[in-house]
Amino acid sequence: MKKRLAMLLVGFFLSLGAALAQNHISGTVFEDNGEPCIGATVMIQGTKQGTKTDVNGKFSISVPSGKKIVISYIGMVTQTLTPKNGMKVTLKTDAHTVDEVVVTGIQKMDKRLFTGATTKIDAEQTKLDGVADVTRALEGRAAGVSVQNVSSTFGTAPKIRVRGATSIYGSSSPLWVVDGVIMEDAVNVDADDLSSGDATTLISNAIAGLNADDIESFQVLKDGSATSIYGARAMSGVVVITTKKGRAGHSSINYTGEFTYRLKPSYSDYNISNSQEQMGIYKEMEAKGWLEFSQVANASSAALYGKMYGLMDTYNPTKGDFELHYTDADIARYMQEAEYRNTDWFDLLFNNNIMQTHSISVSSGTDRSSMYASLSAMVDPGWTKDSKVQRYTANINASYKLSKNLTATLRTNGSYRDQTAPGTLNQSTDVVSGAVSRSFDINPFSYALNTSRTLDPYQMYTRNYAPFSIFHELDNNYIDINVMDLKFQGELEWKPLRGLSVNVLGSYRVNRSARDHSITDSSNQAEAYRAGVDNPNIMYSNPYLYSDPDKPNSLPISVMPSGGIFIENLNQVKQLDFRGTINYNHVWSVNDVETHIFSALAGMEANRADYDAREHQDYGVNYNMNRIVTITPDFYKQAKEEGTELTSFSRSWNRRLAYFGNVNYSYKGRYSTNFTARYDGSNQLGKSRQSRWLPTWNVSASWNAHEEPFFKRWAENTNQAFSHATLRLSYSLVGEQTAASNAKPIFRSTNMWRPQGDQQELALYQSSLGNKDLTYEKKHEFNVGVDLGFLDNRINVVTDAYWRDNFDLMGYYYGQIIGRQYANVASMKSHGVEATISSANIKTKDFQWNTDLTFAYNYTEITDLLSVSRVIDLVSSSGYAREGYPHRALFSFQFQGLNDEGIPQVINESGDVTTSDIYFQEYERLDHLKYEGPTEPTYTGGLNNMFRYKNWRLNVFITYSFGNKLRLDPVFAASYSDMSAMPKEFKNRWVQPGDEKLTDIPAIASVRQNNKDYYLSYAYNAYNYSTARVADGGFIRMKDISLTYDFNPQFISKIGLTTASLKLDATNLFLIYADKKLNGQDPEFVNSGGVATPLSKQFTFTVRLGI
Amino acid sequence: MRMTRGLLCAAFFILQSSFFVSCNDFLDKEPDDRVEIKTAEQAIMLLTASYPDANYGWFCELMTDNIIDLNSVHLPVSSDAAQNPTHYNLGSSGRQDDEAFRFEPVKSSTSSDTPGGLWSSFYITINSVNEVLEAIERISDNGRQMTPQLSAAKGEALLIRSYCHFILVNVFSQAYKNDEMSKNDIGIPYVTEVINTVDDTYSRSNVTDTYKKILADLEEGLANISDINYEKPKYHFNTNAAHAFACRVYLFLHQWQKAVEQADLVLGTDNAQLLPKLFDYAPLDDCSYLSDFANVWQEPDDFNNLILIDTYSTIFRKSRYRYEQGGLAARAIYYHNAPMWRRWVGNPSAFVSGLFGSRDYGFAPGWIGEQFQYTDKVAGIGYAHTFRREFTAMELLLERAEAKINLGDLAGASEDLCTYHASTMNFSDKTRDIYVANNGMTALTDEMINDWFAKNTTSNYNCFDDWEFLKRMNPDWNIPEAAVPYMNCVNYFRRYETNFTGKRLFDLKRWGMEWSHEYGVDNEVITMTWNDPRKAIEIPQDAIAAGMEPSQPASLTTNDSTSITKPASFSIDDLRYY
């Protein structure tokens, strides 16, 4: 009663605006897990008086009337409350309130003050179990972030775009920031190279060394306002990754075990002919004059027919007879076996096994220090042959409060990866036709897809004139990859004054990747160097044999009569980062209301990254003889004459300096403004001091309508039906370094190639002309964002619309005397909208249903580009830049049906319907090509539904992407070999005159037709690039379905655990929608051979235990 | 508190100032392994790669009377065959070939073997040379510390610059007439400054002015040139090559005496000593593949090759399509009867030289043979190199002969021509037995010149009754009647010697000759008159679009041809078909 009276009095006095009385109150503070919070600080607001809670979490304090108390505890969210005797306060852990803070990697900002477009992703909720690469978890989670899994091989980076492309020829890939440090890529791999399947793609992912379990959250910074603090590095967006920290008052040990089983691909998913159908095709090929004895027996590659002719030529002494006779009966028997063989290459080249990931972490903390440490191991025996991966990571993050106002944080991350990949050489591009090819490709997936099912998997066939079997080759031609990534980081935070903090961060990182490509003695690739050396039918055809130019008419010899090849690659990046910032925050309260909220930041940053790339090749390595090297002098003579580089070194250095600052002001949290400026300098433009600096800036404002008194009243009246409304506006300039660095002319060294080895000369050459006007690529962006909350924020909608003007982009310029030069002359416009809708549909004690939908639309148009786009560029699958069209537009020849011989016809550059009269190099007359659409999706997003019933949790996650066109795999050709596997479309091929009225599938051209028209291959190529071979790239993917069971704490505490859960994930199960024309071709995957593999359908069982 | 604040300020100040002072040093680190030209050795090494890599041979040759359209109705190569006119239906190696053959501006391609490719490649080379000259200025402290090495490098650089502009003016402008007349002909931009921005503008001035600058660079280059820097002299402007170049420039400028003097510096004045310096056919005996022939012709140890210039060119392959050296063109060059090879239907030395092709389609000589540098052996992808024998002792001998004729020294000219011809019989013993034994091939004599080359007859394709047409180029240019056979002989030998090098076009232009092409099955006749604006080849369209003055007046636009075109691919496989 007395207390109540006192309260009344307090109220009374307060209403009079006088605070005279002191109230003694007591209360209890709890942590959010229900435990009492020991040692929490309870302060009287605006004073230095306070107390701490005891072992039971209890406190008592005298509070002047009208004053509030502030309850704080390390790792918990500070609460400011009106004192009330007997009050029970539950503090929430910081992790649950991170939504209120925006982490930009350089600063943490109160969300009320933040005016930019950003999406925060909680790692725990989005993690795809069984997918060790954390970057892939972003797919469909953040509106405006598109993730294309061009290859799923571990270590390869997916193609990630934040709000679409920002540069015409640049990479457009976002900046990755981990715990405040920019992660430099180990190798510079541009967007096209990502899908090349080359071995360097295996080390293209800068953060493949991060353990997914260590990640606390992702923050995607999208618009110029959010990214402007990164200035001239931020044009393509920023993804900030925050790793886990120890929490005060908590100590736990957590274990996560993931066990993943991947399904082998199945022929039922792809439309590859079975061996009967294939045999039918061979019979037609045979009838049309292909597969003749004379032609096939000594060909560079021979499969079914070549092998048969070979057997007829092979005498078996034990049998006392030839292996096969040239009789109808023997041939029929041989062919019949092949016809019924139906080899399942997928089954043979893919493995049944379990990929395991084990991760253990320790977390603890007191009010003075906190610590998080983890170890993880990922052991993948390989989905395909030759694709083993083991990755180990260690992570320590310790924070120590040295004094009242000085905190030190030390972090160490380390990872080591041991991986095997099928031996692969780089793709090479024909400088004239633009055709891309890869020598000695043994990628298991593309092999299974492209190899005839009539072949006997246990037989040796012929490739490059040498014996070949895929299994033998995979055993004898492989790449061992070792990647070590270490990061040491220290941070000091000094708070000398209230509201002022000085932060210093230093970090050193080294990433070292070694690739050892072993090509053993008996591998096909090594044998090719000696194949046919004694066979006059082959010796002149085998390009690997050597004819000495100094001895005219000499017989070709092998320059590597024994042994194999060893190719060693090393890529290293050493990165040193330093950053110092001064931050000042102050809130001026008027009448106890936070009226003027001010924060300012100033800082400088210095980064250096030293890159080192080396390659070394050894020929004649005898793998079975202690790897002793035997080589003939002719080898070096040939190498010299042909300009072969056996050893190469290339080093590069990145130096960046930046000064930055920002100022935020908010009036009562209602109206906020922000101004950011940054001044970047870089060494990448060479020694030109005028080009190297770039100032960037951002101005933005926001209006938090829900903080307005009228809104609050209204919300109260409507029972919070409309509970939140924020309007954000920003306009900014950010930039990006270009790949060009010729502000001053660039000279490099070279060996002048001359046919006579002894006439070669070391020389310097001018690799680039100087361009004093060279500058950064830049982007102006205007962003409007509206955030709405309904039903007491149970439904949240975040929408953004943006208009971008990318200018000073690199493009081609044609000068008066120098032809094509690369300079800042192009521009591009883009715009888009994004929306994220999160809704707690049902929220009861036992049952919850949450839905998250993300949606993004992005449209780009190249507005200014002087570029020669040749027909061959415009029609090829990755699309090409052309003024007036979206970034990377795809064009097609207009298919005009088959002619009466079954040859495809298209419209050529003169407007005529033709078969082979087509000029692929044409660049002036392009009207005959049909514009199909962009090759990059314009609509992307995801839909997640989470259902929780008591301890069960079901998550269904769908991703989608629309608006792009895809080129179907180029499977048609003027001639085929007896090794090729034909797709099922061939069933409907043209066979006899008249069929052209019924089918669009071209005939198998006869030898005669090929001889009659030397350019027949043009007709088939044009068909591959025609309107008949385009599919819609849109898809809806059932990305992940997971079911989780959390054990009751009471139940598991009996066995000493605090948390335990089991989870079953089914990932990449199926495509809900994809164009039927794709026939199993994955719309995301680029089948380029080498080391590329598509997404696998997989099941993961996860156990999580906590002590 | 004040203390803390002071410390903070001090710390921040020190931090900032130390970085401000050092930040430009910090950022001065080069981004990669690029080389800064700081030493004389580096400047000299930059010159090694500062030779133009474009070949003007193919598109110039296409415009000359050395090439016919096989699709037009034409007579067979050999006069011994039945004279049945025939025609084919072949594709060209690209639309750019149709354009060049029809004397139209080449718009369809700017790749190698086109005027556009030549234009930018030569100016890139000129820029590289200008970089060297700038570096030499820097290294020598504006000439105050010139070393012999630096001055030799300066000489080489100036000669390359002079040479590049010389070729450009001969390709893209009208031929030199005289100082007055040539002031009315558009020249080419003479670039002596380093390019440091993409949108610089240049003036084309006039031919007289351009030649003045060519001559200035040439003469300063000659004064400085020396062989001291060269380890592989044949790939550089060595002293001999420099004099041969000077001889050619003086010849083109009608400065006959100077031309002879320069040639003498290389060839000497005693022709008896000359033969061993000229081409030796003997090693050709062992050759069977194109690359073998190319190796012999492009041999750096051969004195005859004064300089070799590496170009990216597929000229040999391009000569195997629709426009070839067939029909009467081949007959005029080597497939006719001549007193020097009475018993043979064609010139035996031409056959020994490695003539590829056939009588049906036409020929191409082994000296333009391609050298293939692989980048991917399996795919057969790489770079096609054609080494231009830009200056040879044999050609220099013919140039000296021409200068001597113009000086009135007919005896001297006769001696040079006979020496030239004697060298074409420089066979191995084995080949000699086939061709030379029993007077199958006889040495040229002064009488034969005066007899065989006297005037135009039905079987003597390269002779004129007079050389009065020279007067069109220069009213003072007079070839007396007695000298006509010698000029005819020079014309014939030059036509053979420069076959497929493109230099025939320069001769046709500077002599003011007229010729025509027959195009297509309808034998459309396209004639090139003596002062035809189309003789100045049009610069690339991109350059015109960027504001450069065109070579030809705007009224000269012709319709695009719509013939069948096929692109050539740089695949080694193509070579195997021959």
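The largest cavity here has a volume of about 460 Å³, and the model it sits in is a predicted one. A search through the whole structure turns up 17 cavities of 30 Å³ or more. Beyond the empty spaces, there's also the place where chain A and chain B meet: 95 residues of chain A are in contact with 91 residues of chain B.

**The largest cavity**

- To find this space in the model, look for A:Ser152, A:Thr153, A:Phe154, A:Arg262 and A:Asp380, which are the closest to the centre among the 34 residues lining the largest cavity.
- Three strands of chain A each put at least two residues into this lining: strand 21 (369-380), strand 23 (406-422) and strand 53 (1059-1074).
- Strand 23 of chain A gives the most to the lining of the largest cavity, with 4 residues.
- What kinds of residues make up this lining? Sorted by class, the lining of the largest cavity has 14 nonpolar, 15 polar and 5 charged residues.

**The second largest cavity**

- Next comes the second largest cavity, with about 130 Å³ of space in it.
- Its lining is made of 16 residues, and the ones closest to its centre are A:Gly209, A:Leu210, A:Asn413, A:Gly414 and A:Ser415.
- Strand 23 of chain A turns up here too: along with strand 22 (389-403) and strand 28 (477-497), it supplies at least two residues of the lining of the second largest cavity.
- By class, you'll find 6 nonpolar, 7 polar and 3 charged residues in the lining of the second largest cavity.

**Where chain A meets chain B**

- Chain A and chain B bury about 8400 Å² between them, and carbon and sulfur atoms give 59% of that area.
- Which three residues of chain A supply more of its buried area than any other three? They are A:Leu764, A:Gln816 and A:Ile817, which together supply 11% of the area that chain A buries against chain B.

**Links across the interface**

- How many salt bridges are there between chain A and chain B? The count is 4.
- One you can look up is the salt bridge between A:Arg748 and B:Asp32, where the closest N and O atoms are 3.0 Å apart.
- There are also 20 residue pairs in polar contact across the interface of chain A and chain B, counting pairs with both residues at pLDDT 80 or more.
- On the side of chain A that touches chain B, strand 33 (residues 647-667) gives the most, with 9 residues.
- That side of chain A divides by class into 45 nonpolar, 30 polar and 20 charged residues.

Terms used
Residues are numbered from 1 along each chain as its sequence is written. Chains are lettered from A and ligands numbered from 1 in the order in which they are written. This is a predicted model: local features need pLDDT of at least 70, side-chain atom pairs count only at pLDDT 80 or more; totals for chains, interfaces and linings use all residues. Side-chain values use heavy atoms; hydrogens and water are left out. Contact means heavy atoms within 4.5 Å. Buried area is the accessible area (1.4 Å probe) that two parts lose on being put together, summed over both. A salt bridge is a side-chain nitrogen of Lys or Arg within 4 Å of a carboxyl oxygen of Asp or Glu. A polar contact is a pair of N or O atoms within 3.5 Å; within protein, one must be able to donate a hydrogen and the other to accept it, and residues adjacent in sequence count only if both atoms are side-chain atoms. Ala, Val, Leu, Ile, Met, Phe, Trp, Tyr, Cys and Pro count as nonpolar, Asp, Glu, Lys and Arg as charged, and the others, Gly among them, as polar. On a 1 Å grid over the protein atoms alone, a cavity is a set of points where a 1.4 Å probe fits but cannot get out, and a pocket is an open set with protein on both sides within 12 Å along at least five of seven lines; lining residues have an atom within 4 Å of a point. Grid points are joined across faces, edges and corners, and a volume is the space filled by probe spheres set on the points.
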